[in-house]
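Let's take a stroll through a protein model and look at a few of its residues. Have the structure open and follow along.

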Amino acid sequence: MEFASLQDLYLHLISSAIRRCICSERLCRLSVLLQRSPASDPPLVRISISDTGHGSCIQEFQDLKCPVEGILAETWDGIVYVRTTKIADISDTEISCYQLNLKENVATRKPMWLPSNIKHDVKFSGTEVCLSVSESVDVLLAEINCFFHQILILKVPNIAMEVVADGQDTSGSRNDAVFLENLFSGSSFTASTLDRLKLGFEDYVLGHGSSSTCNSCFPNRDELKSGGGMVCEDKHKLTKLVVEAAVVISEISNPTKNCFGAGCSDTKVLFFKDFVPCTISEAFLKALTGIDWKRHGLTLECAINQRRHALLKWEKTPLSFHIHIVVHYYQKLVANATPLVQQTRLDKKLISKAVQLALEDFKNKHAGFLLSVDNLKISRFAPDLAKAIAGLVLYSNDMDFKRECLAILGLQPHQSEGEVVEETIKKKIISVIEKNDQRPQGIKEVACLLFRAGRQKLQDLDNECYMDDFDPMDL
């Protein structure tokens, strides 16, 4: 794996540390320390990434490659220092230490082994990776903090994370603990990964990508509505492929300037693979464009690869209406299986299905949202139809018929004003449209009755009885 930028390199090293913590299934700590060395020429920043998850193997770093030319080659000498315990043995007695020069040819590269450290009968496991780069601490902090705020979306329950900057930057400002996230509450350990994903994504949207809620846009959490979907497929005996998706929708009339939805209704789609943020691939874009968005009242104009996220542009969507989507694609190990180090090809159908299930879950929970394009067109006739039916009821000279109609609508005689009756009928019409819209595709059933008298069931009437006792309010 060759890295085009310094950012890609250290984010990959942090991602590897997160995976080791998750595989350990123990309470773990992940620390990133940035320490400036002003005595060096040019001034360097030492990046230390340490975790208390599984120990690492040399193969994790052996295939990494640094270009010998370009910006990355100019800001980093290619040297990585590694200290680690054995992969799954907390009772070993030593900590192995070595360094690798990633500018060397992968085929001929050999580690330089350094004196090992003694554990002194203390049982623990973990890895520390260090490198020194020529970069501003402020720039590194901004990029790493953004990365960690995305990681919080997953609400991984067994990792406490911290980012600490120690020393003075060129501006003379001093940075201490910049980011610190403790372990989540005990309920996070029992919650499903999908529930944690939905809750974490809601927090992310509430803070516009930061850890604090934007109170001007979201006075309370009820401003957000969410849905989730998951698909699972057995790949082989040791792992299952799981794809989870969460959809969060907010309606903000007057967004602040910092809103990532201010001034547009575009949708930002985040993608995680194996518990870390992942760059967007063409396969992922095809999975998004293959979704039947019109079934959910949306017309996709185009999908754009923004590298760190996908951007979906919609036709004729109100600027106050914002849809947020996150997808997590990962391998789930069966009990007691050894972690596999392999690349998983994206399954576009599974991604599309997970997002569709999240949209359907949203529709089932929140009536009136994401109606299909066809049912949106039908619902536009609801006011006129309600007005016509209300007129038949209110202007009837048959008082018994009028009272019975009001009773069926759930209204009292004193509620016979035109606007009240019309609004009640309109709500019933819209309710029928929404119920019809929630039916899975391909299922054909008789549409539910708009009004139901309860004293008769239409299907029990034979033709003769139907003609004799026909009541238009039973339809």
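First, a bit of vocabulary: a residue is called buried when its relative accessible area is under 20%, exposed when that value is over 50%, and partly exposed in between. Keep in mind that this is a predicted model.

Let's start with Thr84. Where does Thr84 sit? You'll find Thr84 in strand β3, which covers residues 79–84. Is Thr84 buried or exposed? Its relative accessibility is 4%, so Thr84 counts as buried.

Who does Thr84 meet there? Setting aside neighbours within four places in sequence, Thr84 is in contact with Gly55, Ser56, Ile95, Ser96, Tyr98, Gly126 and Thr127. Two of these partners, Ser56 and Gly126, are also reached by the side chain of Thr84 through their backbone atoms:

| Side chain | Backbone atom reached | Distance |
|---|---|---|
| Thr84 | nitrogen of Ser56 | 2.9 Å |
| Thr84 | oxygen of Gly126 | 3.4 Å |

Now over to Lys123, in the loop between β5 and β6 (127–133). Lys123 has a relative accessible area of 62%, so it counts as exposed. Check out its spacing from Asp92, too: the two are 31 residues apart in sequence, yet their C-alpha atoms are 7.7 Å apart in space.

Last stop: Met112, which belongs to strand β5 (residues 112–118). With a relative accessible area of 47%, Met112 is partly exposed. Together with Tyr81 and Leu114, Met112 forms a nonpolar patch on the surface. Those three residues share about 280 Å² of accessible area.

Technical notes:
Residues are numbered from 1 along each chain as its sequence is written. This is a predicted model: local features need pLDDT of at least 70, side-chain atom pairs count only at pLDDT 80 or more; totals for chains, interfaces and linings use all residues. Side-chain values use heavy atoms; hydrogens and water are left out. Patches are made of residues with over 30% relative accessible area and no salt bridge: like charges are joined within 9 Å, nonpolar side chains (Val, Leu, Ile, Met, Phe, Trp, Tyr) within 5 Å. Accessible areas come from the Shrake-Rupley method with a 1.4 Å probe; for residues, only the protein chains shown count as cover. A salt bridge is a side-chain nitrogen of Lys or Arg within 4 Å of a carboxyl oxygen of Asp or Glu. Helices (H or I, at least four residues) and strands (E, at least two) are DSSP runs, numbered from the N terminus. Buried means under 20% relative accessible area, exposed over 50%, partly exposed in between (1.4 Å probe, protein chains only). A polar contact is a pair of N or O atoms within 3.5 Å; within protein, one must be able to donate a hydrogen and the other to accept it, and residues adjacent in sequence count only if both atoms are side-chain atoms. Contact means heavy atoms within 4.5 Å.
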